[in-house]
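Visitor: I am new to this structure and would like to know where the descriptions come from. Could you walk me through it?

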Amino acid sequence: GLLLILEKTVLLKLLKKLPSAVGHLYTVLIFLLGWALFYFVDVGQLGAFFTRAFTLTATSSTGILWILGYLPLLLVSVVAATPLGAVCWRKIREKSWAGYAAIGVCAVLLMLCVASLASQSYNPFIYFRF
């Protein structure tokens, strides 16, 4: 509630003056940090998460390896969050091979999603933990 009040009174005026990319990054950051509130079962774990997320420590090399493991999924997500995919599709959709390319892209994305899910341990639905 406090964040909404702060947004409406102060941040909204500032965000309207900045480029839209800053607003998108702000939204993603607040969204991810908000989900962290529901994920962790106690405040100590939440504080440790925020500390690890916003500081560089000696154990950050394992974090870099973790990020590299998700790099293909991260790259696809970044491209999917931009209009680049739609622009590329408009340029090639009239080609005879466009349907095959679309099926290939969907198959690769499906494999990335399945690989991401298979590499994780069991994680119950997030609201059951709240």
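Guide: Gladly! Let us start with how angles are taken: axes are lines fitted to C-alpha atoms, and an angle runs from 0 to 180 degrees between N-to-C directions. Please keep in mind that this is a predicted model. In it, helix α1 (residues 2-17) packs against helix α2 (residues 20-39) at an angle of about 160 degrees, and their axes are 12 Å apart.

Visitor: Why is α1 called roughly antiparallel to α2?

Guide: Angles over 145 degrees count as roughly antiparallel. The angle for α1 and α2 is about 160 degrees, so α1 is roughly antiparallel to α2. The crossing of α1 over α2 is right-handed.

Visitor: Which residues of α1 and α2 meet?

Guide: From α1 come L3, E7, L11 and L15, and from α2 come V22, G23, Y26 and I30. Six residues of this contact are nonpolar, one is polar and one is charged.

Visitor: What makes one of them polar and one charged?

Guide: Glu counts as charged and Gly counts as polar. In the contact these are E7 of α1 and G23 of α2.

Visitor: How do you know that α2 and α3 are roughly antiparallel?

Guide: The same kind of reasoning helps here. The axes of α2 and helix α3 (residues 43-54) cross at roughly 150 degrees and come within 10 Å. The cut-off is over 145 degrees, and therefore α2 and α3 are roughly antiparallel to each other. This crossing, too, is right-handed.

Visitor: What meets what between α2 and α3?

Guide: L29, L33, A36 and L37 in α2 meet L46, F49, F50 and F54 in α3. The contact of α2 with α3 divides into eight nonpolar residues, no polar and no charged. Ala, Leu and Phe are among the residue types that count as nonpolar.

Visitor: Is A102 buried, exposed or partly exposed, and why?

Guide: A102 lies in helix α7 (residues 98-118). Buried means under 20% relative accessible area and exposed means over 50%, with partly exposed in between. A102 has 27%, so A102 is partly exposed. From A102 to W89 the C-alpha distance is 8.8 Å, and they are 13 residues apart in sequence.

Visitor: What does the whole protein chain look like in terms of helices and strands?

Guide: The chain has seven helices and zero strands, following the pattern α-α-α-α-α-α-α along the sequence. Of its 130 residues, 6% count as buried. Its accessible surface is about 10900 Å², and 76% of that belongs to carbon and sulfur atoms.

Note on methods
Residues numbered from 1 in each chain as written. Predicted model: local features only at pLDDT ≥ 70, side-chain atom pairs only at ≥ 80, totals over all residues. Heavy atoms only, no water. Helix = DSSP H or I, 4+ residues; strand = E, 2+ residues; numbered from the N terminus. Parallel < 35°, antiparallel > 145°, perpendicular 65-115°, else oblique. Left-handed = near helix turned anticlockwise from the far one by under 90°. Contact = heavy atoms within 4.5 Å. Buried < 20%, exposed > 50% of the residue type's maximum accessible area, 1.4 Å probe, protein only. Areas by Shrake-Rupley, 256 points an atom, 1.4 Å probe, with all protein chains shown as cover.
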